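Dear colleague,

Please find the structure below, with its sequence. My notes on the ligand site and on one helix follow.

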Amino acid sequence: MSTTQPNPLDDPAADPFEIAAMAAAEITLITGVARHDIALTLGSGWAKAADLIGDTTATIPATEISGFSAPALAGHVGSLRSILLPNGKRALVIGARTHYYENHGVRRVVHSVRTAAAAGARVMVLTNGAGGIRKSWTPGTPVLISDHINLTGDSPLEGATFIDLTDLYSARLREIARGVDPSLDEGVYVQNRGPHYETPAEVQMAKAIGGHIVGMSTALEAIAARQSGMEVLGLSLITNLAAGIQKTPLSHGEVIDAGRTAEPVISALLAKIVAEL
Ligand code: 8IG
């Protein structure tokens, strides 16, 4: 599908799960891999992990797959990769996240997750770059997501679809991650709409309601992953302290720099975790 064609997800009458099934069938056809076991969405700072987790057997521009959008940001790689892990499992790596702040609607935000589920993945690894509320989390610190607070006011669930989220971020998978790196902290991820960063007052609100990490992704995707019956592992790279926690203004450049510096370390960590999943 080229970028000039309308996105089928934008038709309100379309069934997003049918489009995800179509996308998964296209991935199977192009990769020759009948079933992927795990899927990973690599956010800012995590992209290098794709090179470390195994052998890439196919790379697909995301826009060639039904329902996927062109990436909004340089530095967000718009491709899907099929990777053969050393343990024989197959990973589908999504380097093409659609953010809620792009205003394409929540169906497009969670399409990659639904496609991964339709491609067979039982485990969804969601990674992101985010702001830290705890002062001890210096830029470059990876943090496990233990739970989330969704402040987008939106949901990927349509109609009266009631889904339990009590154990959304799998304790089993977090235990595996901590087995690889016992120093990993965990925290509650707050998804804000963005694309502006928070005001210091908003960061204090996030802290007061139980948040430890602020970001612009992941929560909506995690909900969709659970709806599809997947186990979710969430990891944030703290690229900056949240507004007002750090005394200097936030800049996208600073965030990119912190991500770049931390990338080799956290990518190696993620590769080790993936080998255990
Ligand atoms: I990277 O401080 C990154 N993403 N909302 N706040 C929010 N998103 C972020 C931040 C941050 N840093």
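The residues around the ligand, each with a heavy atom within 4 Å of it, are Gly129, Ala130, Gly131, Tyr197, Glu198, Val214, Gly215, Met216, Thr239, Asn240, Leu250 and Val255. Please note that this is a predicted model, in which local features need pLDDT of at least 70 and side-chain atom pairs pLDDT 80 or more, while totals for chains, interfaces and linings use all residues. Residues are numbered from 1 along each chain as its sequence is written, and side-chain values use heavy atoms, without hydrogens and water.

Which side chains have an N or O atom by a nitrogen atom of the ligand? In Glu198 such an atom is 2.4 Å from a ligand nitrogen, and in Asn240 the distance is 2.8 Å. Taken alone, the ligand exposes 330 Å² (Shrake-Rupley method, 1.4 Å probe), and the protein buries 95% of that. Strand E5 gives the largest share of the shell, three residues; strands here are DSSP runs of E with at least two residues, and helices are runs of H or I with at least four, numbered from the N terminus.

Helix H6 (residues 219-227) is largely enclosed by the rest of the structure, because eight of its nine residues are buried, that is, under 20% relative accessible area with a 1.4 Å probe, counting protein chains only. Among these buried residues are Leu220, Glu221, Ile223 and Arg226. The buried residues of H6 pack (heavy atoms within 4.5 Å) against several elements, including helix H3 (106-118) and strand E5 (123-132). Just after H6, Gly229 has a positive phi of about 85 degrees.

Yours faithfully

Technical notes
Buried < 20%, exposed > 50% of the residue type's maximum accessible area, 1.4 Å probe, protein only. Polar contact = N/O pair within 3.5 Å; in protein donor to acceptor, adjacent residues only side chain to side chain.
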